[in-house]
Amino acid sequence: MEPYDGAVAVALVQALLLDLNERYADVDDAEDPDDDDYLAEVTPAMVRPPLGTFLVAWLDATPAGCGALKPLDSDPSVGEIKRMYTAPSARRQGVSRRLLEHLERAAAELGYRRIQLETGLAQPEAMALYESHGWHRITPYGHYKHSPQSVCFAKDLDSS
């Protein structure tokens, strides 16, 4: 676990935003790294226990990826995964899979019985990851509910 407002997290989230802006360069709703609404979607308090967590994956002492878990704005009994990112140099090494598994376990430990997330059509590798881990598509929600590029997923967690 790393602090969301720490230097490592800030660098990874900035790299994520640059990646998203490249992928969605031709789309009107591409993220603006200085957009207050986007930045307010996740705050340090939201991704600390007892509400959530922020994880950083490391490969050979180098930050390789990140992911956050926070309460869903519209229903705080549901967890929402945000800021999933793997650095290009670490892709295809299982980093995202391990991050997702850790976030799912953290969600269950924090008492969430369902988790959701939003991704997009320009992220086919992310969609394949979620589908391979038992996530199912749901109607887009939140900020992206009217975006034709948005794809949302949910997963019910074991209650055991």
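This section describes two helices, the aromatic pairs, the cysteines and several individual residues of a predicted model.

Helix 1 has 17 residues, for which a rise of 1.5 Å a residue gives a span of 24 Å; the C-alpha atoms at its ends are 24 Å apart, in agreement with that value. Its buried residues are A9, L12, V13, L16, L17, D19 and L20. Viewed down the axis of helix 1, these buried residues fall within an arc of 160° and therefore line one face of the helix. Exposed residues, namely A7, L18 and E22, are found on the other side of helix 1. An α-helix has 3.6 residues a turn, so residues three or four places apart point the same way.

The segment before helix 1 contains D5. This residue, D5, counts as exposed because its relative accessibility is 54%. Leaving aside residues up to four places away in sequence, D5 touches V10 and P44. Between D5 and L100 the separation is 95 residues in sequence and 21 Å in space, taken from C-alpha to C-alpha.

Helix 3 comprises residues 95-109. From the first C-alpha to the last, the 15 residues of helix 3 reach 21 Å, close to the 21 Å expected at 1.5 Å a residue. Within helix 3, the buried residues are V95, L99, L100, L103, E104, A106 and A107. They cover an arc of only 165° around the axis and so lie on the same side of helix 3. The packing partners of the buried residues of helix 3 are strand 1, strand 2 (62-72), strand 3 (75-86), strand 4 (114-120), helix 4 (124-132) and strand 6 (150-156). Just after helix 3, G111 adopts a positive phi of about 95°.

One of the buried residues of helix 3 is E104. Its classification as buried follows from a relative accessibility of 10%. The side chain of E104 is in polar contact with the side chain of W135, at 2.7 Å. When residues up to four places away in sequence are not counted, E104 touches I115, H133, W135, K155 and L157.

Three aromatic pairs are found in a search of the whole structure. One of them, between Y4 and F54, is edge-to-face, with 5.1 Å centre to centre and 70° between the planes. This pair links distant parts of the chain, since Y4 lies in the segment before helix 1 (7-23) and F54 in strand 1 (residues 53-59), 50 residues apart. Y4 is buried, with a relative accessible area of 13%, and F54 is buried as well, with a relative accessible area of 0%. The rings of Y130 and W135 form a tilted pair, because their centres are 5.9 Å apart and their planes stand at 55°, an angle that falls between the 30 and 60 degrees that bound this class. Both Y130 and W135 are buried. Together with F153, Y130 and W135 form one aromatic cluster.

W135 and F153 also appear among the contacts of Q116, a residue of strand 4. Q116 counts as buried because its relative accessibility is 9%. Apart from residues up to four places away in sequence, Q116 touches L72, V78, G79, E80, I81, W135, I138, Y141, F153 and A154. A polar contact of 3.4 Å joins the side chain of Q116 to the side chain of R114.

The search of the whole structure finds zero disulfides. C66 is in no disulfide, and the nearest cysteine sulfur, that of C152, is 19 Å away. For C152, the closest cysteine sulfur is in C66, and a separation of 19 Å is too far for a bond, given that a disulfide requires sulfur atoms within 2.5 Å. Both cysteines named here are buried: C66 has a relative accessibility of 0%, and C152 has a relative accessibility of 1%.

Definitions and conventions. Residues numbered from 1 in each chain as written. Predicted model: local features only at pLDDT ≥ 70, side-chain atom pairs only at ≥ 80, totals over all residues. Heavy atoms only, no water. Phe/Tyr/Trp six-rings, centres within 6.5 Å; stacked < 30°, edge-to-face > 60°. Helix = DSSP H or I, 4+ residues; strand = E, 2+ residues; numbered from the N terminus. Buried < 20%, exposed > 50% of the residue type's maximum accessible area, 1.4 Å probe, protein only. Expected span 1.5 Å × (residues − 1). Arc of directions from axis to C-beta. Contact = heavy atoms within 4.5 Å. Polar contact = N/O pair within 3.5 Å; in protein donor to acceptor, adjacent residues only side chain to side chain.
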